[in-house]
Amino acid sequence: MKSRTRTCTNPAPDKGGANCSESLSETGDINCGLSECPIDGGVSAWGSWGTLVCSQTCGIPATGTRTRTRSCTNPAPAHGGADCSESLTSTTSENCGFSPCPVNGGVSSWSSWSGSCTQTCGTSHTVSKTRSRTCTNPSPAYGGSSCTETLSETSVFNCGLPSCTVDGGVSAWGSWGTLVCSETCGVPATGTRTRTRTCTNPAPAHGGADCSESLTSTTSENCGFSPCPVNGGVSSWSSWSGACTQTCGTSHTVSKTRSRTCTNPSPAYGGSSCTETLSETSVFNCGLPACTATAPNFGTCSSTCSGSNVVCNNGYCVCDIMYVKLGSSCVQGCGSAGYGSGFTLFNGKVLNGYNDRVVHSIQTAAACMNLCLSESGFTCVTADFEHQSKTCYLSKTPWYNAPSSSAVSSTVYHQIIRNCA
């Protein structure tokens with residue numbers, strides 16, 4: 001764009017002359033003679049989204065894509081201008097709206113083999129073991145097929161055990177041998193026949209035991225002789241009869257008797273009778289422990305005792321089971337005096353249901369008393385000794401504090417009551 005001017009001076013208006021009517025300036029476009037400018041490309045507006053394209057035919061969710069485009073024409077690049085740097089395509093995902101796809105079942109990994117040998121020896125012993133798998137990898141769904149593979153299998157394994165010891169077993173008996181008679185007379189006079197067998201059915205092997213059965217057998221038979229005179233002979237002594245009636249006392253004795261008969265053999269056919277003694281009596285010490293449970297007492301007795309609440313027990317006058325000795329009297333309860341070391345032993349009594357401690361393998365009532373005295377976990381006041389099972393039951397409950405129904409009778413118990421100091 002260029003401009004130029006001129007003036008109204010050729011001539012200038014004068015003496016009332018008119019001013020110039022022509023234009024005194026003008027402007028015009030003049031080509032500069034330059035080359036064209038570069039034009040960089042610009043993107044147009046996006047076009048509409050295209051058709052939804054799904055690569056699957058089923059599935060929830062199954063997704064597809066839609067695409068839209070724009071062009072580099074706003075403006076188009078020219079005269080060496082740059083192309084558009086923006087993407088000219090755009091893609092979006094959409095749910096295809098299909099039904100779920102069928103899922104065919106797949107097998108899981110095999111489980112460990114189950115099953116164990118029940119024997120402890122025997123090189124040929126086997127065990128049948130089983131393992132399984134499931135159709136859950138994945139589980140069949142939406143009409144998919146189930147697994148066709150085997151889901152369980154069983155196999156036989158050798159237990160790998162050592163050889164079993166074989167204990168010897170006896171064979172069948174052989175035939176009876178010749179009759180052997182050691183006598184020359186007697187009706188019946190008997191002789192013997194012997195038969196044998198062997199330890200070969202089976203023979204012991206692999207450290208197995210020899211046969212414990214006898215491998216010889218003898219039978220008696222009548223020799224067919226005339227009767228011989230038979231002198232009488234004594235039988236074996238019977239067991240000693242008689243038992244101790246006391247439960248304690250190292251000096252207690254018992255008179256016991258044993259006998260035998262003239263029947264081994266009985267005299268016959270003019271034989272003589274026995275000349276040996278057929279009966280004898282002897283005195284034995286009972287082997288009882290010392291009586292430690294009789295004191296405190298009010299003296300000895302044979303059946304009855306004098307005094308309030310005093311009874312005869314094991315040959316001593318002691319307080320009745322419902323009382324304990326305090327000084328010269330039988331009282332209930334020890335008050336603040338506590339408990340001393342003296343005990344009273346009652347046969348056939350038990351404080352039922354008040355056990356604080358049970359100790360087994362106790363041989364005597366005296367040992368049960370000592371346990372009661374030495375107990376450190378609690379103050380043992382009453383103890384029950386069951387002499388059949390050799391059991392000592394320790395209790396911190398005084399028998400007179402328990403219901404009378406708990407002090408019951410029993411043929412297998414001694415009740416040991418700790419007396420007041």
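Trainee: What does the secondary structure of the protein come to?

Mentor: Keep in mind that we're looking at a predicted model. Strands do nearly everything you'll hear about below. The count for the protein is one helix and 20 strands.

Trainee: What radius of gyration does the protein have, next to a compact globule of 421 residues?

Mentor: Start with the box: the C-alpha atoms fill roughly 215 × 85 × 35 Å along the principal axes. A compact globule of 421 residues would come in near 22 Å. The protein's own radius of gyration is 62 Å.

Trainee: And what share of the 421 residues is buried?

Mentor: Look at the surface to begin with: the protein exposes about 25,800 Å², and carbon and sulfur atoms supply 49% of that. Buried here means under 20% relative accessible area. By that cut-off, the buried share of the 421 residues is 26%.

Trainee: Which strands are the edges of the sheet with the order β3-β4-β5?

Mentor: That one is an open sheet of three strands with antiparallel pairing. Strand β4 (residues 63–69) is joined to β5 by seven bridges, and Thr65 stands opposite Ser93 in β5. An edge strand pairs on one side only, and that fits β3 (53–54) and β5 (89–95).

Trainee: Is Ala203 buried, partly exposed or exposed?

Mentor: Ala203 sits in the loop between β8 (190–196) and β9 (216–222). Leaving out neighbours within four places in sequence, Ala203 touches Val166 and Gly168. Its relative accessible area is 41%, and the class between 20% and 50% is the middle one, so Ala203 is partly exposed.

Trainee: How far is the C-alpha atom of Ala203 from that of Ala12?

Mentor: Along the chain, the two are 191 residues apart. In space, their C-alpha atoms are separated by 166 Å.

Trainee: Which residue does a cis peptide bond join to Ile60?

Mentor: Most peptide bonds are trans. Here omega is about -10°. The partner lies in the loop between β3 and β4, and that partner is Pro61.

Trainee: What is phi of Lys15 near?

Mentor: Lys15 is in the loop between β1 and β2, and with 79% relative accessibility it counts as exposed. Most residues other than glycine have a negative phi. Lys15 has a positive value instead, near 50°.

Trainee: Where is Tyr269 found?

Mentor: Tyr269 also has a positive phi, near 55°. As for its place in the chain, Tyr269 is in the loop between β10 (253–259) and β11 (279–285).

Terms used. Residues are numbered from 1 along each chain as its sequence is written. This is a predicted model: local features need pLDDT of at least 70, side-chain atom pairs count only at pLDDT 80 or more; totals for chains, interfaces and linings use all residues. Side-chain values use heavy atoms; hydrogens and water are left out. Helices (H or I, at least four residues) and strands (E, at least two) are DSSP runs, numbered from the N terminus. Buried means under 20% relative accessible area, exposed over 50%, partly exposed in between (1.4 Å probe, protein chains only). Contact means heavy atoms within 4.5 Å. The radius of gyration is taken over C-alpha atoms; the globule rule is 2.2 Å times the number of residues to the power 0.38. Accessible areas come from the Shrake-Rupley method with a 1.4 Å probe; for residues, only the protein chains shown count as cover. Two strands pair if DSSP finds at least two bridges between them.
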